[in-house]
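Here are my notes on this one, as numbered points. Have the viewer open while you read.

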Amino acid sequence: MDTENPSAPPRAQSAADRNPTRSRHHTGGIVHENTRHTTRFTVIGNHLTQHPELSLLAIGLGCHIQSLPAGAPADIKSLAARFKEGTTRIAAALRELEAHGYLRRERVRTATGRIITRTTSCNQPGHRREAANTDCPAPPPRPAASDRAPQRRPRKALPAVPQPTQAAATALHQRATDLLGTLRRLDSRLLLSAADTAHLVPGVIAWLEREVTPTAVRHALTADLPDDPLRRPAALLAHRLTAHLPPPPPYRAPVGPPPVRHPLRTCEGCERAFRAPETETHCRDCRTARP
């Protein structure tokens, strides 16, 4: 009788026993046909693409978010507009990525006081605080008030101009607008914007209301201009409209309505022509002679 060798395995182990993930029924497996990328590619770790706990939607969404450029929107509404899975499934996938460290969502306040949600994508969870290997650095600190870019100062308001009566403002508005539009023909520096023209129109109407001709108004605004460049021509014109405003015209008594002129009629008594209302049939002499 042969002696049993205790060191020999009881039976040969198959490849399927050594690799539980390999199917007992060989189907050929995947064959990779790879071409080296030189542009438009993203390096993504297998720990994400082959994550044992993440759902397929979470893995695909994580790969998509890591491929986005900095500043691209990654909120639920933007992703739902890009993919057809819907807001509910996308929100669940984002929560999976956040739970496993591939995503961070923080509510921050902007410089204008608005509250926004900042989304941070981490391609290697757990490396946030390692300065040498981190691929997901903490957001940069907000610059101090002294380092911020200076804000643009608001434009200084134009000087006030005389205000006309309501009737004159309605009747002379177009004439005043046309007058201001022709000033640039006399001096190219007097090219006015629409806002400056609207501000100066009431002052020009106040001059026209005082029976000043458009030629005289134009001369008062353009005569003796300085030779230096005009930084704010509208402010100079507003000053002249106020400082050189002429007095109102002399008072004139209102003229009454003209007398009524009746048509000629023929007197029924003497057949003489006379003027009188239609109710009168006789002239003044006949009316006096009648008993």
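1. Start with arginine 109, which sits across from isoleucine 115 of strand E2. This is a predicted model, so please read everything below in that light. The pair belongs to an antiparallel arrangement in which strand E1 (residues 103-109) and strand E2 (residues 115-121) are joined by seven bridges. As a reminder for when you look at the side chains, in a regular strand they alternate between the two faces of the sheet.

2. Next, the turn of that hairpin. Five residues lie between the strands E1 and E2, and glycine 113 has a positive phi near 95 degrees there.

3. Zooming out for a moment: the protein chain has 12 helices and four strands. It runs to 291 residues, and 24% of them count as buried. Taking the contacts in the chain with a separation of 6 or more, 51% are between residues 24 or more positions apart.

4. How do helix H7 and helix H9 cross? The axes of H7 (residues 173-181) and H9 (residues 194-209) come within 8 Å, at a crossing angle of roughly 115 degrees. H7 is therefore roughly perpendicular to H9, given that 65 to 115 degrees is the range for that label. The crossing of these two helices is right-handed.

5. Which residues make the contact between H7 and H9? On the H7 side they are His173, Arg175, Ala176, Thr177, Leu179 and Leu180, and H9 brings Thr197, Leu200, Val201, Val204, Ile205 and Leu208. Sorted by class, the residues of this H7 and H9 contact come out as eight nonpolar, three polar and one charged.

6. H9 also meets helix H10 (residues 214-222): their axes come within 10 Å and cross at roughly 130 degrees. Because angles of 65 to 115 degrees count as roughly perpendicular and those over 145 as roughly antiparallel, H9 is oblique to H10. Here, too, you should see a right-handed crossing as H9 passes H10.

7. The contact of H9 with H10 is made by Val204, Trp207 and Leu208 from H9, together with Pro214, Val217 and Ala220 from H10. The class count for this contact is six nonpolar, no polar and no charged residues. It's worth selecting Val204 and Leu208 in your viewer: they are listed in the contact of H9 with H7, and they turn up again in the contact of H9 with H10.

8. Now for the backbone angles in the loops. Glutamate 211 isn't a glycine, yet its phi is positive, at about 65 degrees. You'll find glutamate 211 in the loop between H9 and H10. Is glutamate 211 buried or exposed? Its relative accessible area is 52%, and the cut-off for exposed is over 50%, so glutamate 211 counts as exposed.

9. Aspartate 224 is another residue other than glycine with a positive phi, in this case near 55 degrees. Aspartate 224 is placed in the loop between H10 and helix H11 (233-243). With a relative accessible area of 74%, aspartate 224 is exposed.

10. Last, have a look at alanine 273, in strand E4 (residues 273-275). Alanine 273 counts as exposed because its relative accessibility is 54% and the threshold is over 50%. Between alanine 273 and proline 263 there are 9.9 Å in space, C-alpha to C-alpha, and the two are 10 residues apart in sequence.

Technical notes. Residues are numbered from 1 along each chain as its sequence is written. This is a predicted model: local features need pLDDT of at least 70, side-chain atom pairs count only at pLDDT 80 or more; totals for chains, interfaces and linings use all residues. Side-chain values use heavy atoms; hydrogens and water are left out. Two strands pair if DSSP finds at least two bridges between them. Axes are lines fitted to C-alpha atoms, for helices over the stretch in contact, and angles run from 0 to 180 degrees between N-to-C directions. Angles under 35 degrees count as roughly parallel, over 145 as roughly antiparallel, 65 to 115 as roughly perpendicular and the rest as oblique. A crossing is left-handed if the near helix is turned anticlockwise from the far one by less than a right angle, and right-handed if clockwise. Contact means heavy atoms within 4.5 Å. Ala, Val, Leu, Ile, Met, Phe, Trp, Tyr, Cys and Pro count as nonpolar, Asp, Glu, Lys and Arg as charged, and the others, Gly among them, as polar. Buried means under 20% relative accessible area, exposed over 50%, partly exposed in between (1.4 Å probe, protein chains only).
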